[in-house]
Amino acid sequence: MFRTWMAACCLAALPLCAFAQTAPSPLPAKPVRLVVPYPAGGATDFVARLVGERLAKRLGQPVVVDNKPGAAGALGAAEVARAPADGSVLLLTITDSQINNTALFKALPYDPQKDFAFVTQIVRSPALISANADLPAKSIDELRRLAARQPASLSYASWGVGGLGHLAGESLNRELKAGMVHVPQKGEGPVVTDLLSKTVSIGLSSVASAKQHVQAGKLVPLAVLGRERSTALPQVPTLRELGFTDPFYDTNVWLGVLAPARTPPAVVQRLAAEIRAIVAAEDVRPVLVERGFEIMNTTPEQFAGGYRAEFEVITQRIRAFGIEAQ
């Protein structure tokens, strides 16, 4: 009797087992394109390639990193906003393209608040203010004195007009009364290149992009943005420690993954779960931290909530600085 009952249970369970084994993935069976709206060589590109390689293994399908720089990240973001909403095209970007650009472009070809689904914020990246190795200023105080002796002779580079690097750099420029010329670039990789070639006086980039050059003595770190020092460059003071009080100096840039707005919730949750598992893995988390990133690893819901909270703060500051939409 017992054997008969057990056999019946097993037979009843077989359809469930078969369903579990053959249930279709919510993702389409084709390569995933991970669009990075900034040039190769920057922090965003590094994270995309680190995550993309492992995501391909977890999904069992190719993941291609596609750099689409231009228009402060707007070109790549717009392409993803128009892409099929099935999880096959994703955007790995930073704060700027999803917040700052709304105040910078009169006719932005996408709506950051409506055209995307939030997947996960992977890391935040403290911004570093560095000087080229030949500049006779090895601290913010020395930079202030240099600007006083040689007014309007200095320049600062950022990763784009209206980006957080530009806003923080311009705020510092005004506080120091330095008269520095802004040199906007199409990403932080070119900012570091400018510093290494000594074509600009100082530059704002992520700690992640500049760290190796700081350690090699090719760049001179002056200060970091954020409420706390960077764990990757703990010897570098924050601007707040140095007596600067602009709230913008407390900000960091996040790097996150988004999908087109109509992507099914099941796909968004699957992608978030896979990427968050990658970021938390023992062979990935230390690499990100060592590179200079601070781990975030948010859920889609946490990402959406944080985004809404900072949207108004940043766009108001852009208008206060009189940065005109293009």
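Before I turn to the first pair of helices, let me say that an axis here is a line fitted to C-alpha atoms, for helices over the stretch in contact, and that angles run from 0 to 180 degrees between N-to-C directions. What we are looking at is a predicted model, and I will take one helix contact and then the empty spaces.

With that definition in hand, the axes of helix H2, residues 43–59, and helix H10, residues 265–280, come within 10 Å and cross at roughly 120°. Angles from 65 to 115 degrees count as roughly perpendicular and those over 145 as roughly antiparallel, and H2 and H10 are therefore oblique to each other. The crossing in which H2 passes H10 is right-handed. On the H2 side the contact is made by Val-51, Arg-54, Leu-55, Arg-58 and Leu-59, and on the H10 side by Arg-270, Glu-274, Ile-275, Ala-277 and Ile-278. Sorted by class, the residues of this contact are 6 nonpolar and 4 charged, with no polar ones.

Now to the empty spaces, beginning with the largest pocket, which holds about 520 Å³ of space. Its lining consists of 25 residues, and those nearest the centre of the pocket are Arg-124, Gly-226, Asp-250, Thr-251 and Asn-252. Strand S4 (116–125), strand S10 (253–260) and helix H12 (300–320) are the elements that give two or more residues to this lining, and H12 gives the most, with 4 residues. The lining of the largest pocket comprises 10 nonpolar, 6 polar and 9 charged residues.

How many cavities of 30 Å³ or more does a search of the whole structure find? The search finds 3, and I will describe the largest and the second largest.

The largest cavity has a volume of about 170 Å³, and among the 16 residues that line it, Ala-43, Thr-44, Ile-94, Trp-159 and Glu-188 lie nearest its centre. H2, which we met in the helix contact, supplies at least two residues of this lining, as do helix H8 (188–196) and S10; the largest share, 3 residues, comes from H8. By class, the lining of the largest cavity has 9 nonpolar, 6 polar and 1 charged residues.

The second largest cavity contains about 40 Å³ of space, and its lining is made up of Tyr-38, Ala-72, Asp-96, Asn-101, Trp-159, Gly-160, Val-161 and Gly-163. These residues divide into 4 nonpolar, 3 polar and 1 charged. Trp-159 deserves a second look on the screen, since this residue lines the second largest cavity and is also listed nearest the centre of the largest cavity.

Notes. Residues numbered from 1 in each chain as written. Predicted model: local features only at pLDDT ≥ 70, side-chain atom pairs only at ≥ 80, totals over all residues. Heavy atoms only, no water. Parallel < 35°, antiparallel > 145°, perpendicular 65-115°, else oblique. Left-handed = near helix turned anticlockwise from the far one by under 90°. Contact = heavy atoms within 4.5 Å. Nonpolar A, V, L, I, M, F, W, Y, C, P; charged D, E, K, R; others polar. 1 Å grid on protein atoms, 1.4 Å probe; cavity = no way out; pocket = protein on both sides within 12 Å on 5 of 7 lines; lining within 4 Å. Points joined across faces, edges and corners; volume = space filled by probe spheres on them.
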